[in-house]
Amino acid sequence: MSAVAIIDFGSQFTQLIARQVREMGVYCEIFQSNISFEIISKFNGFIFSGGPQSVNDSYSETNEVAYEIIKFNEVTNVPILGICYGQQLICHYFGAKIKREFNQEFGKTKIKILKESPIIKGAWDVNSEVDVLMNHADSVEITPQGFTVIASGVINQTIAIIANEQRKIYCTQFHPEVKATINGSKLLSNFLDIADCERDWTMRSLIEKQKEKIKNTVGEKKVIAAVSGGVDSSVAAALTYKAIGKQLNCIFINTGLLRKNQTITMLEEIPINYVDKSNLFLSRLKGINDPEEKRKIIGNTFIEVFEKEAKKIGDVDFLMQGTIYSDVVESGHNSGNTSTIKSHHNVGGLPEKMNLRLMEPLRYLFKDEVRLLGKEIGLADEIIFQHPFPGPGLAVRIIGEVDEKKVRILQEVDEIYINTMKNYDLYNKIWQAFAVLLPIRTVGVMGDGRTYGYVCALRAVTSSDGMTADAFPFENKSQHSLIFWDFLQNVSSIIVNSVSGVNRVVYDLTSKPPATIEWE
Ligand code: XMP
């Protein structure tokens, strides 16, 4: 089987490279940059990810493996693709100067294609201008010897694509792996062709591999699973159940921070134990304003409850969680180089010491891959295609202190927002939608009287994996524009008229980045 090794230098996007490669039917693995070269020497191609560091910083031994791969390429011609920091690393190796000047670029920009190359074949024509996503402070000053410039930045002539065709080494300063780079996946696909990779990797083979892994890890022990009714925990539990059957014990905890009338159905044969701990969670959150502190408290309380439940069952060694890769990346846990965006509760929010061993069978998968996997193992579409709901629940959607009254208000708003969205046939067009309760109150007028109520923000985003997102365009471009506008007006009016305590509704237009999806 063909395989590509991705060397992770700490980019937020590393998993997107892996996901795209896998989507193209090629097996790939991500390795941290301190991996020993011997372990990865058999791969058909190497991709160096981006990363937050600078090659001009003091000597970093994590660059060593990249240099060994480049030396290996000199002998074997094994193809290499360097992305962003990966490009700078390769150019640095070949003696080019890397500069940090005013032309730092973060976000969408345009490049111009100057020359043909197998790496851009079928993606972009010579002389065309292409939208790409750049995310760098450093850039390559002068092309290293042996390399040709294939594309450069339209505004500031950044060296955007370079190639050493003879050695099959390719570099991009931008990120071809993100959707914001138009047709970037074709560049990745071309790289796989250059590396002679067969397209023989499927979701079925991933499932079989994961089941095998779960069986080997667990042996005869019992596993306790946190299930919430959401996509990730349902898919993780169903997959684990398929692997170890009744050794899996599913527990559904009511944290008091769930959606109104949250129910849970996975596969019929999987038994679920309900535990109501809403008072415990809400009392621990009393007086807490800081979002990270809230997450930690929820994470700790979860584990405490689980350890108690595990004792009741007896002989439980593992705690299974539906952590997916965006949780891992944003909690800064995938490599020493990634910075923490937020401690997703099923990752960073866990206590340092716990008696259960963690099992996270979806840890390396993105949401859309999780959905595909769920479908493949027989979960219903209503489970798989529901919008994501964060582990810490409404606590991250109530800004500031959480209390029972605010939870009730937000549950009502959320129910109206989502149900109206379904009535307008919008739910499946949107990747994730929810309401946020703000800790500010504003003046309104109802029935000739003054009101002083909470502001509620509505969020609806398009995304494919939660790593990047755009506000859903309730706007004029579409032929449904009137219906969409009518939806926003209507839903805001229903909310304000029927939820006591809310007198103003706003819509969040921010993309991710620079914002995140949840407000916290
Ligand atoms: P952010 O807000 O980081 O969210 O842009 C990205 C996606 O992750 C979801 N999310 C979580 N999911 N546990 C989860 O299982 C968490 O702690 C958590 N925090 C955020 C969020 O709803 C969005 O889909």
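Open the model and find helices α7 and α11: they cross with left-handed geometry. Keep in mind that this is a predicted model.

**Stop 1: the α7 and α11 crossing**

Select residues 231–244 for α7 and residues 367–376 for α11. Two packed helices are described by the angle between their axes and the distance between the axes. In this pair, the axes come within 10 Å and cross at roughly 45°. That angle makes α7 oblique to α11.

Now show side chains. On the α7 side, pick V231, D232, V235 and L239. On the α11 side, pick K367, V370, R371, L373 and G374. These two sets meet. Colour them by class: the contact has five nonpolar, one polar and three charged residues.

Look along α7 while you are there. An α-helix has 3.6 residues a turn, so residues three or four places apart point the same way. V231, V235 and L239 are among the α7 residues that meet α11.

**Stop 2: helix α4**

Move to residues 85–93, which form α4. How many of its nine residues are buried? The count is seven, so the helix is mostly covered. Select Y85, G86, Q87, Q88, L89, I90 and C91 to see the buried residues. Then step just past the end of α4 to G95, where phi is positive at about 90°.

**Stop 3: two residues with positive phi**

Most residues other than glycine have a negative phi, and most peptide bonds are trans. The next selections depart from those habits.

Go to N261, in the loop between β11 (248–254) and β12 (272–276). N261 is not a glycine, yet its phi is positive, about 55°. Is N261 buried or exposed? N261 counts as exposed because its relative accessibility is 59%, and the cut-off for exposed is over 50%.

Next, select E520, in the segment after β18. E520 also has a positive phi, near 70°, without being a glycine. Its surroundings are another matter to check: E520 is buried, with a relative accessible area of 14%.

**Stop 4: cis peptide bonds after β18**

Stay in the segment after β18 (502–507) and select P513. Which form does the peptide bond from K512 to P513 take? This bond is cis, with omega near -15°.

Now add P514, which lies in the segment after β18. The peptide bond from P513 to P514 is cis, with omega near 10°. Display K512, P513 and P514 as sticks to follow the backbone through both bonds.

Definitions and conventions:
Residues numbered from 1 in each chain as written. Predicted model: local features only at pLDDT ≥ 70, side-chain atom pairs only at ≥ 80, totals over all residues. Heavy atoms only, no water. Axes fitted to C-alpha atoms, helices over the stretch in contact; angles between N-to-C directions. Helix = DSSP H or I, 4+ residues; strand = E, 2+ residues; numbered from the N terminus. Parallel < 35°, antiparallel > 145°, perpendicular 65-115°, else oblique. Left-handed = near helix turned anticlockwise from the far one by under 90°. Contact = heavy atoms within 4.5 Å. Nonpolar A, V, L, I, M, F, W, Y, C, P; charged D, E, K, R; others polar. Buried < 20%, exposed > 50% of the residue type's maximum accessible area, 1.4 Å probe, protein only.
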